[in-house]
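Me: I'd like to learn how to read a model like this one, feature by feature. Could you walk me through it?

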Amino acid sequence: MFSLGFIVHSSYPRSCEHKYCGLGRHCVVNHETDQGECKCLDHCKPHYKPVCGSDGKLYQNHCELHRASCLRGHRITIMHSEECFYKV
């Protein structure tokens with residue numbers, strides 16, 4: 001299918017097209033209801049840019065921090081303190 005010169009993929013889940021799920025989450029189509037639902041990310045891209053979380057833990061990157069926040073069901077924010085970088 002073509003639309004204004006752009007290819008529109010009919011397999012693209014339209015119920016997720018304009019759904020924003022927030023950091024650490026993504027939209028997944030529930031095939032029973034055909035509706036988009038926000039779920040925690042299964043994994044993040046593997047790049048190392050460490051950040052400290054408000055839970056005192058060091059995360060490999062922003063995505064891993066937000067994913068952990070989603071999985072644990074409570075907010076973890078980025079702390080701009082070097083303390084967790086030097087924990088043993």
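Me: Let me start with one residue: is serine 69 buried or exposed?

Reply: The general idea is a cut-off on relative accessible area: buried means under 20%, exposed over 50%, and partly exposed in between, with a 1.4 Å probe and protein chains only. Serine 69 counts as buried because its relative accessibility is 14%. Before we go on, note that this is a predicted model, where local features need pLDDT of at least 70, side-chain atom pairs count only at pLDDT 80 or more, and totals for chains, interfaces and linings use all residues. Residues are numbered from 1 along each chain as its sequence is written, and side-chain values use heavy atoms, with hydrogens and water left out.

Me: Thanks! Where does serine 69 lie, and which residues does serine 69 touch?

Reply: A contact means heavy atoms within 4.5 Å. Serine 69 is part of helix H1, and beyond the residues up to four places away in sequence, it touches His74, Arg75 and Ile76.

Me: How many helices and strands does the protein chain have?

Reply: Both are DSSP runs numbered from the N terminus: helices are H or I with at least four residues, strands are E with at least two. Here there are one helix and seven strands, in the order β-β-β-β-β-β-α-β from the N terminus.

Me: Which residues make the largest nonpolar core?

Reply: Look for buried Ala, Val, Leu, Ile, Met, Phe, Trp, Tyr and Cys residues joined through side-chain atoms within 4.5 Å. The largest such core has five residues, namely Val51, Tyr59, Leu65, Ala68 and Ile76. Leucine 65 also touches residues beyond four places in sequence, including Val51, Tyr59 and Ile76, as well as Cys52 and Gly53. Over the whole protein chain of 88 residues, 24% count as buried.

Me: Why does asparagine 61 count as buried?

Reply: Asparagine 61 counts as buried because its relative accessibility is 0%. You'll find asparagine 61 in the loop between strand S6 (58-59) and helix H1 (62-72). Its side chain reaches the backbone oxygen of lysine 45 at 3.5 Å. Leaving aside neighbours within four places in sequence, asparagine 61 is in contact with Cys44, Lys45, His47, Lys49 and Val51.

Me: Now the outside: which residues make the nonpolar surface patch of about 480 Å²?

Reply: Patches use residues with over 30% relative accessible area and no salt bridge; like charges are joined within 9 Å, and nonpolar side chains (Val, Leu, Ile, Met, Phe, Trp, Tyr) within 5 Å. Tyr48, Leu58, Phe85 and Tyr86 make this one. Tyrosine 48 sits in the loop between strand S4 (35-40) and strand S5 (51-53), and is exposed because its relative accessible area is 59%.

Me: And how many salt bridges are there in the whole structure?

Reply: Side chains of opposite charge can pair when their charged atoms come close. The criterion is a side-chain nitrogen of Lys or Arg within 4 Å of a carboxyl oxygen of Asp or Glu. A search of the whole structure finds two. In one, glutamate 37 pairs with lysine 39, with the closest N and O atoms 3.5 Å apart. In the other, aspartate 55 pairs with arginine 72, the closest N and O atoms being 3.3 Å apart. That pair links distant parts of the chain, 17 residues apart: aspartate 55 is in the loop between S5 and S6, arginine 72 in helix H1. Aspartate 55 is partly exposed at 30% relative accessible area, and arginine 72 is partly exposed at 41%.

Notes: Accessible areas come from the Shrake-Rupley method with a 1.4 Å probe; for residues, only the protein chains shown count as cover. A polar contact is a pair of N or O atoms within 3.5 Å; within protein, one must be able to donate a hydrogen and the other to accept it, and residues adjacent in sequence count only if both atoms are side-chain atoms.
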